[in-house]
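This report looks at one strand, the strands beside it and a proline further along the chain. Please keep the sequence and the model in view while reading.

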Amino acid sequence: MRSLILEDVQDLVEIRRISFEDFWSEKEFTSMLSDKSFFGFREDHGFILCRRTLDCIDIVTFCVTPSYRNKGIGKKLLLEVMNLAEETQSKVFLEVAEKNYTARSLYQSLGFKKISIRKNYYKFSDSFQDAIVMMRSPT
Ligand SMILES: CC(C)(COP(=O)(O)OP(=O)(O)OC[C@H]1O[C@@H](n2cnc3c(N)ncnc32)[C@H](O)[C@@H]1OP(=O)(O)O)[C@@H](O)C(=O)NCCC(=O)NCCS
């Protein structure tokens, strides 16, 4: 586990490309990681990118290469963010597609609560899906 740096950008593009339908370019990741409010963590086959604003942390994107999923990498990355949130007494926010049951169960198991719904927030190739907005308060 280590913090994200600009040199990770190519890996992030690739891991994200095979994890989501919408594509984020090298330029987009470079721009985010050049901004001090963005930070994140990575393992060889997964990463989590966040943005800090005052006493809140927003999870911007989070993914693990498909063939390395369900081995604990995602949970480890998320726990790293949650540890930081505890240390800084920050709330953590995220959005997740309504039908992404795997991610939703992971978030729920770590204490995230549903706080609202954004109607038709995600546009997939053949449909729209609501986003569930979830939050975890520090203990
Ligand atoms: C969500 C994601 C990052 C999880 O990463 P991961 O490395 O597979 O997660 P983990 O192996 O740490 O699993 C964490 C928990 O989720 C559950 N889980 C993982 N894969 C699952 C599956 N296919 N079905 C049901 N539960 C699953 C496990 O029960 C596990 O809990 P446990 O450790 O208590 O048993 C990964 O599935 C992914 O990249 N998905 C595509 C992108 C995405 O949806 N990102 C989140 C957007 S909000």
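A crossover is called right-handed if, with the strands pointing away from the viewer, the path from the first strand over the helix to the second runs clockwise. The helices (H or I, at least four residues) and strands (E, at least two) named here are DSSP runs, numbered from the N terminus. This is a predicted model, in which local features need pLDDT of at least 70 and side-chain atom pairs count only at pLDDT 80 or more, while totals for chains, interfaces and linings use all residues. Residues are numbered from 1 along each chain as its sequence is written.

Strand S4 (residues 56-64), helix H3 (residues 73-87) and S5 form a β-α-β unit of the right-handed kind. Strands count as paired if DSSP finds at least two bridges between them, and S5 has the two partners tabulated here.

| Partner of S5 | Sense | Bridges | Residues standing opposite |
|---|---|---|---|
| S4 (residues 56-64) | parallel | three | Asp58 and Phe93 |
| S7 (residues 128-136) | antiparallel | six | Arg136 and Val92 |

Within S5 (residues 91-97) the side chains alternate, with Val92, Leu94 and Val96 buried on one face, whereas Lys91, Phe93, Glu95 and Ala97 point to the other and are not buried. Here a residue is buried if 20 or more other C-beta atoms, placed from the backbone, lie within 10 Å of its own, exposed if 12 or fewer, and partly exposed in between.

In the segment after S7 lies Pro138, which counts as partly exposed because it has 13 C-beta neighbours inside 10 Å. Apart from neighbours within four places in sequence, Pro138 is in contact (C-beta atoms, placed from the backbone, within 7 Å) with Ala85, Glu86, Gln89, Ser90 and Lys91.

Definitions and conventions:
Two residues are in contact if their C-beta atoms, placed from the backbone, lie within 7 Å.
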